[in-house]
Amino acid sequence: MLSPKIKYLVILVSLFCFMLSGCTEKQVISSKSTGNPAYETQKIVIEGEIEGTKEVTVEEMRKLPQVELQGKFQRTTGQVEEFQAAGPKLNDVLDYAGIDVSEFKGVGFYGKDGYYCLVTPEIMTNREVVLALAIDKQLELPENLRPARLCIQGELGPYWVRMVDKIVLYKEIPRKEITSVWVFNNLAEGIEPYPYEYYGSKDHAIEVAQILSRFDNVNNKAFFTMKSADGFIKNEALNVVNKNYYIKVAGNDAPMNIAPNIKLGMNVKHIAWFSTNADAAVFPEEMIELIGEKELDGSEGLSLAEMLEEVQLRDQEEKQFELIGVNGERVLVRGTDLSQGLILVKNDGTYPVVWQEGIEFQPVSNLLRIRVAQ
């Protein structure tokens, strides 16, 4: 029979062990196995500008440090989907595969359904990027989510790829050097629109490949950058938008990017501008929503200088520009004088350029393009 003193010690030790167990870090559910070998051996393939192709399985990812986050993204309908996600951080997955993510300029995530997104270093630096292996405490994800779902904390946009089975790493992304800015509607003149079905209605859409064919210099390693009227920015790899990728120009949410591999709710709505490595195209009506109008001598319109600055045409004050109209007008302008000109938006679908009173430049009846003069 135990003495009272020993009983007391046993109680103290038991209480200490209980307290200690309560202080240990709880096990994140995504670190547990489903016990299903076929499920646990699903792979994510890692390729791109690396030596050879690498693979990592669900089982291997479960052994890495796991984090939990509250996922949230917004559909095109405005509906917000919220869920609890858990899994390893992208950096840890790549590190396990012997890859230093800091050596790359972009990471592409591909889903088995064909959906894709490109994540830039800015996103990876400022957001937590997680490959979720468990959703709402569900270890064995349904077919439309497995093997992992990309989750980026704090992003409501299109960075939520389901069924991630491939990661592509990009070391070199050519620096943008915008030298030519087009008015999209005039640039697309003569291209037969495609009747793209969107929420049951078929709206006119312009194939991006045909637009790119009209640009002077397209580097397929560059980003295809889009910015919406509300300021949201999305990048795609140019080799992705070269086939079966469209800009919807009519109907709800237009102008908007759309393609078979873009799930509804993950589009960039009301695009104000997009750019490649050297060219940008603008939608003046949406640009006005983005950066506002300016008034000159009773006319209100889009400032030429502010428009070029917005599409990231650098050092415009040091350059000369040629304004080219649909009807063949050509006006040579110093960059320092662009602030004296406006693009107007007319009800007849034209975009004339007018100048402040006293400026000697000729007006342009319907602007097609502004380019850096050689």
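**Exercise 1. Which residue stands opposite Leu323 in strand 23?**

*Solution.* The structure is a predicted model, in which local features need pLDDT of at least 70, side-chain atom pairs count only at pLDDT 80 or more, and totals for chains, interfaces and linings use all residues. Residues are numbered from 1 along each chain as its sequence is written, and side-chain values use heavy atoms, with hydrogens and water left out.

Step 1. Recall that the strands of a sheet pair through backbone hydrogen bonds, either parallel or antiparallel. Here, two strands pair if DSSP finds at least two bridges between them. Strands (E, at least two residues) and helices (H or I, at least four) are DSSP runs, numbered from the N terminus.

Step 2. Strand 22 (residues 320–325) pairs with strand 23 in the antiparallel sense, over five bridges.

Step 3. Within strand 23, the residue opposite Leu323 is Val331.

**Exercise 2. Describe the sheet of eight strands and the helix that packs on it.**

*Solution.* Step 1. The sheet is open, has the order 15-14-18-19-11-26-22-23, and shows mixed pairing.

Step 2. Strand 15 (233–237) and strand 23 (330–334) each have a single partner strand, so one side of each is left without a neighbour in the sheet.

Step 3. From one strand to the next, the twist averages 20°. For such values, axes are lines fitted to C-alpha atoms (for helices over the stretch in contact), and angles run from 0 to 180 degrees between N-to-C directions.

Step 4. Helix 9 (residues 284–291) packs on this sheet and touches strand 11 (180–183), strand 14 (223–228), strand 18 (271–275) and strand 19 (279–282). Contact means heavy atoms within 4.5 Å. The direction of helix 9 makes about 105° with that of strand 18.

Step 5. Strand 26 (residues 367–372) pairs antiparallel with strand 11 over three bridges, and five bridges join strand 26 to strand 22, also in the antiparallel sense. In strand 26, Arg371 stands opposite Ser180, while Arg369 stands opposite Ile324.

**Exercise 3. Characterise the surroundings of Ser228.**

*Solution.* Step 1. Ser228 is found in strand 14.

Step 2. Its relative accessibility is 2%, so Ser228 counts as buried. The classes are buried (under 20% relative accessible area), exposed (over 50%) and partly exposed (in between), with a 1.4 Å probe and protein chains only.

Step 3. Leaving aside residues up to four places away in sequence, Ser228 touches Val268, Lys269, His270, Ile271, Ala272 and Leu290.

**Exercise 4. How many aromatic pairs does a search of the whole structure find, and how is the pair of Phe274 and Phe283 classified?**

*Solution.* Step 1. The search finds 10 aromatic pairs.

Step 2. The ring centres of Phe274 and Phe283 are 6.4 Å apart and their planes stand at 55°, so the pair is tilted. The rule is that rings of Phe, Tyr and Trp (its six-membered ring) pair if their centres lie within 6.5 Å; planes under 30 degrees apart count as stacked, over 60 as edge-to-face and the rest as tilted.

Step 3. Phe274 and Phe283 are both buried. Ring pairs link these residues with Phe184, Phe224 and Tyr245 into a cluster.

**Exercise 5. Summarise the protein as a whole.**

*Solution.* Step 1. The secondary structure comes to 10 helices and 26 strands.

Step 2. Of the 374 residues, 49% count as buried.
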